[in-house]
Amino acid sequence: MSKRYNTSNEIYFELRQVGTYLRCTAIDGKTGVEVTVAGPVSRNPEQLKRVAAKKLEYVLSKR
């Protein structure tokens, strides 16, 4: 699944439940750079995707 945020590249998301946490990995389609965030399972997955996308944008801006 991909969705565009404020970057010119596609972002791929992977959601995985680890115990009581939901882990969201965001991967930049062009560079392959990936970041991970985690939150409680009760949190809306779309919120975690937004946080992961923002973190990915931050990491890419520092390169």
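Student: Where in this structure is Pro45 placed?

Tutor: Pro45 is placed in helix α1. Please keep in mind that the model is predicted. At a relative accessibility of 33%, Pro45 counts as partly exposed.

Student: Which residues does Pro45 touch, if those up to four places away in sequence are not counted?

Tutor: Pro45 touches Leu15 and Leu22. Leu15 shows how sequence and space can be read side by side: Pro45 and Leu15 are 30 residues apart in sequence, and their C-alpha atoms are 7.9 Å apart.

Student: How many helices and strands does the chain have, and what pattern do they follow?

Tutor: The chain has one helix and three strands. Read along the sequence, the pattern is β-β-β-α. Helix α1 has 17 residues. From its first C-alpha to its last, α1 reaches 24 Å, close to the 24 Å expected at 1.5 Å a residue.

Student: What is found at the start of α1?

Tutor: There, a side-chain oxygen of Asn44 comes to within 3.0 Å of the backbone nitrogen of Glu46.

Student: How many salt bridges does a search of the whole structure find?

Tutor: The search finds two. One of them joins Lys49 and Glu46, with the closest N and O atoms 3.4 Å apart. A general idea is useful here. An α-helix has 3.6 residues a turn, so residues three or four places apart point the same way. In the present case, Lys49 and Glu46 both lie in α1, three residues apart, about one turn of the helix.

Student: Are Lys49 and Glu46 buried or exposed?

Tutor: The two must be read separately. Lys49 is buried, with a relative accessible area of 5%. Glu46 is partly exposed, with a value of 28%. The cut-off used in this reasoning is that a buried residue has under 20% relative accessible area.

Student: Which side chains meet in the other salt bridge, and how are they exposed?

Tutor: The side chains of Arg16 and Glu14 meet at 2.8 Å, N to O. Arg16 is partly exposed, with a relative accessible area of 47%. Glu14 also counts as partly exposed, at 35%.

Student: Which residues of α1 are buried, and what covers them?

Tutor: The buried residues of α1 are Leu48, Lys49, Ala52, Ala53, Leu56 and Glu57. Their cover includes the strands β1 (11-18), β2 (21-28) and β3 (34-40). For the chain as a whole, 30% of the 63 residues count as buried.

Student: How should one read the largest nonpolar core, and which residues belong to it?

Tutor: The general idea comes before the case. In soluble globular proteins, nonpolar side chains tend to be buried together. In this model the largest nonpolar core has twelve residues, among them Ile11, Phe13, Leu22, Val35, Leu48 and Leu56. Strands β1, β2 and β3 and helix α1 each supply at least two residues of this core. The largest share, four residues, comes from α1.

Student: Val33 is also in that core. With which residues is Val33 in contact, leaving aside neighbours within four places in sequence?

Tutor: Val33 is in contact with Ala26, Ile27, Asp28, Leu56, Val59, Leu60 and Arg63.

Student: Is Gln17 in strand β1 buried or exposed?

Tutor: Gln17 counts as exposed, at 52% relative accessibility. Apart from neighbours within four places in sequence, Gln17 is in contact with Leu22 and Val41. Gln17 and Val41 are 24 residues apart along the chain, and 7.2 Å separates their C-alpha atoms. In addition, a polar atom of the Gln17 side chain lies 3.1 Å from the backbone oxygen of Gly19.

Student: What contacts does Thr36 make, again leaving aside neighbours within four places in sequence?

Tutor: Thr36, placed in strand β3, is in contact with Arg23, Cys24, Thr25 and Lys55. With Thr25 there is a polar contact between the two side chains, at 3.4 Å. Thr36 and Lys55 are 19 residues apart in sequence, with their C-alpha atoms 8.4 Å apart in space. At 29% relative accessibility, Thr36 counts as partly exposed.

Student: How much accessible surface does the chain have, and what share belongs to carbon and sulfur atoms?

Tutor: The accessible surface comes to about 4,300 Å², and 48% of this belongs to carbon and sulfur atoms.

Definitions and conventions. Residues are numbered from 1 along each chain as its sequence is written. This is a predicted model: local features need pLDDT of at least 70, side-chain atom pairs count only at pLDDT 80 or more; totals for chains, interfaces and linings use all residues. Side-chain values use heavy atoms; hydrogens and water are left out. A salt bridge is a side-chain nitrogen of Lys or Arg within 4 Å of a carboxyl oxygen of Asp or Glu. Buried means under 20% relative accessible area, exposed over 50%, partly exposed in between (1.4 Å probe, protein chains only). The expected span of a helix is 1.5 Å times one less than its number of residues. Contact means heavy atoms within 4.5 Å. A polar contact is a pair of N or O atoms within 3.5 Å; within protein, one must be able to donate a hydrogen and the other to accept it, and residues adjacent in sequence count only if both atoms are side-chain atoms. A nonpolar core is a set of buried Ala, Val, Leu, Ile, Met, Phe, Trp, Tyr and Cys residues joined through side-chain atoms within 4.5 Å. Accessible areas come from the Shrake-Rupley method with a 1.4 Å probe; for residues, only the protein chains shown count as cover.
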